[in-house]
Amino acid sequence: MDVEIYHFKKWTNYVFWYQNRCFEIKGLWLHYYWDTDDIGNVIRGSMNLKNATAWRISEKNLHLSSHNLIYYLKSGSEKVMDIFVRRLKELNVIITDS
């Protein structure tokens, strides 16, 4: 099974705002970690991508939702976000552009 790692800022809360996180797509699951040292050890959160939807807010911003869970993601690079969105489409995630 292929594992892909992406680096985004993820909205955490109103105290810490957006924080750098590592995201891993493994099968139909998106896991996130605080940093690369956590990968394979401590999953901080997971989202099943089977029925997920996403809204491309801008070239570098994406809101990803599955059931009652939403991840607000920011990328430092339009290219990285394009690659991530392309991968989500391959997994049949419905992407809507704003």
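Visitor: Is Asp38 buried or exposed, judging by its relative accessibility?

Guide: This is a predicted model, and in it Asp38 has a relative accessibility of 11%, so Asp38 counts as buried. The cut-off behind that word is a relative accessible area under 20%.

Visitor: With which residue does Asp38 form a salt bridge?

Guide: The general idea is that side chains of opposite charge can pair when their charged atoms come close. In this structure Asp38 forms a salt bridge with Arg44, and the closest N and O atoms of the two are 3.2 Å apart. Arg44 has a relative accessible area of 32% and is therefore partly exposed, whereas Asp38 counts as buried.

Visitor: How many salt bridges are there by this rule, and which residue pairs with Asp82?

Guide: The count comes to four salt bridges. In one of them Asp82 is joined to Arg56, with the closest N and O atoms 2.6 Å apart. Because Asp82 lies in helix H1 and Arg56 in strand S5, this pair ties together parts that are 26 residues apart in sequence. Arg56 is buried, with a relative accessible area of 12%, while Asp82, at 28% relative accessibility, counts as partly exposed.

Visitor: Which residues are linked in a network of salt bridges?

Guide: Glu4, Arg87 and Glu90 are linked in such a network. Within it, the side chains of Arg87 and Glu90 meet in a salt bridge of 3.0 Å, taken from N to O. Arg87 and Glu90 are three residues apart in helix H1, which means that about one helical turn separates them. Glu90 is exposed, with a relative accessible area of 52%.

Visitor: What should I look for around Glu24, which is buried yet has no salt bridge?

Guide: Begin with the nearest side chain of opposite charge, which is Lys26, at 4.6 Å from Glu24. A salt bridge needs the nitrogen within 4 Å of the carboxyl oxygen, so Glu24, with Lys26 at 4.6 Å, has none. There is, however, a polar contact of 2.5 Å between the side chains of Glu24 and Tyr33. Glu24 itself lies in strand S2, residues 17-26, and, leaving aside neighbours within four places in sequence, its contacts include Val3, Ile5, Trp29, Leu30 and Ile39.

Visitor: In what order do the strands of the sheet stand?

Guide: As a general idea, strands of a sheet pair through backbone hydrogen bonds, either parallel or antiparallel. Here eight strands form an open sheet in the order S4-S3-S2-S1-S7-S6-S5-S8, and the pairing is mixed. The edge strands are S4 and S8, the latter covering residues 94-97, and each of them pairs on one side only. From one strand to the next the twist averages 30°.

Visitor: How many bridges join S3 to S4, and how many join S1 to S7?

Guide: Strand S3, residues 29-33, is joined to S4 by four bridges, and the two run antiparallel. One position to find by eye is Leu30, which stands opposite Met47 in S4. Strand S1, residues 3-13, and strand S7, residues 69-74, pair in the antiparallel sense over two bridges, and Lys10 has Leu73 in S7 as its bridge partner.

Visitor: Which side chains of strand S4 point to one face, and which to the other?

Guide: Along S4, residues 45-48, the side chains alternate, with Gly45 and Met47 pointing to one face, where they are buried, and Ser46 and Asn48 pointing to the other, where they are not.

Visitor: Which strands does helix H1 lie across?

Guide: Helix H1, residues 78-90, lies across S1, S2, S3, S5, S6, S7 and S8, and it runs at about 110° to S1. Tyr6, whose place is in strand S1, has contacts that include Ile83, Phe84 and Arg87, as well as Arg21, Cys22, Phe23 and Ile25, once neighbours within four places in sequence are left aside. At 8% relative accessibility, Tyr6 counts as buried, and a polar contact of 2.9 Å joins its side chain to that of Glu4.

Visitor: Where is Thr36 found, and which residues does Thr36 touch?

Guide: Thr36 is found in the loop between S3 and S4, and it is partly exposed, with a relative accessible area of 46%. Residues up to four places away in sequence are not counted, and on that basis Thr36 touches His7 and Cys22. Thr36 and Ile5 are 31 residues apart in sequence, and their C-alpha atoms are 8.9 Å apart in space.

Note on methods:
Residues numbered from 1 in each chain as written. Predicted model: local features only at pLDDT ≥ 70, side-chain atom pairs only at ≥ 80, totals over all residues. Heavy atoms only, no water. Buried < 20%, exposed > 50% of the residue type's maximum accessible area, 1.4 Å probe, protein only. Lys, Arg positive; Asp, Glu negative; His and termini not counted. Polar contact = N/O pair within 3.5 Å; in protein donor to acceptor, adjacent residues only side chain to side chain. Contact = heavy atoms within 4.5 Å. Pairing = 2+ DSSP bridges. Axes fitted to C-alpha atoms, helices over the stretch in contact; angles between N-to-C directions.
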